[in-house]
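Please work through the exercises below with the sequence and the structure in view. Each task is followed by a solution in steps.

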Amino acid sequence: MIDPVCPESTLPWLTDTLPTGAPAVLPPDARAELVTLPEIDAPSLLLARHFTVGRTSPVSLIVIHTAEVDCRVGAAAAVARYFAGPTAPQASAHYVVGPELVVQCVRESDTAWHAPGANPRAIGIELTARATWSAEQWAAPEVEAMLARAAGVVAGICRRHGVPLEHIEAEALRMGVSGIPGHVDVSQAFHKSDHFDPGPHFPWAHFLVLVRAS
Ligand SMILES: [Zn+2]
């Protein structure tokens, strides 16, 4: 993809800037999981290499991203392995969601590096999807399966942390409102990133119907 908005990479997390704060240090138990899980085909927990232990703020945002991969069986595990592996980007997200699988890469009690400006109070969700997709591509059956799975994850986070089931945009983010923005909304609110995922045709209304039904 050649895109004037995001020219450096088609992978939104590759050009994310590092957050300030404590360096990423894997807790001892996480190191054990990192060693034992990468060979499993369908891991449900595979900790990312880079994140910040703990949080400085309660969770009040769920940020939706696209991982810039095709939506297919195996894609979520591949993205999670990339976050965990020796060539991991200086980025991470709490969950990666595919059509058949959800992989948790960062514990909700820890801070992932996915949306500069919002990370301390956010949980990040990477969808196996592309920000350049058309409305028709977002409506494909395998994508619908992925969205339904992601909706279940988001609904659970909303219940656990009291996050409202509402899409919020840049102005609300700047005012400190809680809810569910896209990475693009965080970029426009804080100008620390130029990423525009999940893209202009992401079906927000449909996705929130799925979340509320979960
Ligand atoms: Zn993103």
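The exercises concern a predicted model and go from its overall content to single residues.

**Exercise 1. Confidence**

Task: Determine where pLDDT stays under 50, and state how this region should be read.

Solution:
- Step 1. The protein chain has an average pLDDT of 84, and 80% of the residues score at least 70.
- Step 2. The stretch in which pLDDT stays under 50 is residues 1–43. The model has 64 contacts beyond four places in sequence for this stretch.
- Step 3. Where pLDDT is low, predicted coordinates should not be read in detail.

**Exercise 2. Overall content**

Task: Describe the order of helices and strands in the protein chain.

Solution:
- Step 1. The protein chain contains 7 helices and 4 strands.
- Step 2. Read from the N terminus, the elements follow the order α-β-α-β-β-β-α-α-α-α-α.
- Step 3. Of the contacts in the protein chain with a separation of 6 or more, 71% are between residues 24 or more positions apart.
- Step 4. The protein chain has 214 residues, and 46% of them are buried.

**Exercise 3. The sheet**

Task: Work out the order of the strands in the sheet and identify those that stand at the edges.

Solution:
- Step 1. The 4 strands form an open sheet with mixed pairing, in the order 1-4-2-3.
- Step 2. Strand 1 (61–66) and strand 3 (102–104) each have a single partner strand and stand at the edges, so one side of each lacks a neighbour in the sheet.
- Step 3. From one strand to the next, the twist averages 20°.
- Step 4. Strand 1 pairs with strand 4 in the parallel sense over 6 bridges. Within this pairing, Ile62 has Ile123 of strand 4 as its bridge partner.
- Step 5. Strand 4 (residues 122–127) also pairs in the parallel sense with strand 2 (residues 95–97), over 3 bridges. Here Tyr95 lies opposite Ile125 in strand 4.

**Exercise 4. Burial of strand 1 and helix 2**

Task: Decide to what extent strand 1 and helix 2 are enclosed by the rest of the structure.

Solution:
- Step 1. The side chains of a regular strand alternate between the two faces of the sheet.
- Step 2. On one side of strand 1, Leu61, Val63 and His65 are buried; on the other, Ile62, Ile64 and Thr66 are buried, and both faces are thus covered.
- Step 3. Because 6 of the 6 residues of strand 1 are buried, this strand is largely enclosed by the rest of the structure.
- Step 4. The buried residues in helix 2 include Val79, Arg81, Tyr82 and Phe83.
- Step 5. In helix 2, 9 of the 10 residues are buried, so this helix too is largely enclosed by the rest of the structure.

**Exercise 5. Backbone details in the loops**

Task: Locate Glu68, His191 and Pro198, and describe the backbone at each.

Solution:
- Step 1. Glu68 belongs to the loop between strand 1 and helix 2 (75–84). Its phi is positive, about 60°, although Glu68 is not a glycine.
- Step 2. Glu68 counts as buried because it has 24 C-beta neighbours inside 10 Å, the cut-off being 20 or more.
- Step 3. His191 lies in the loop between helix 6 and helix 7. Phi of His191 is also positive, near 55°, in a residue other than glycine.
- Step 4. His191 has 11 other C-beta atoms within 10 Å and is therefore exposed, since exposure requires 12 or fewer.
- Step 5. Pro198 is placed in the loop between helix 6 (183–190) and helix 7 (204–213). The peptide bond from Asp197 to Pro198 is cis, and its omega is near 10°.

Technical notes
Residues are numbered from 1 along each chain as its sequence is written. Two strands pair if DSSP finds at least two bridges between them. Helices (H or I, at least four residues) and strands (E, at least two) are DSSP runs, numbered from the N terminus. Axes are lines fitted to C-alpha atoms, for helices over the stretch in contact, and angles run from 0 to 180 degrees between N-to-C directions. pLDDT is the predictor's confidence in each residue, from 0 to 100. Two residues are in contact if their C-beta atoms, placed from the backbone, lie within 7 Å.
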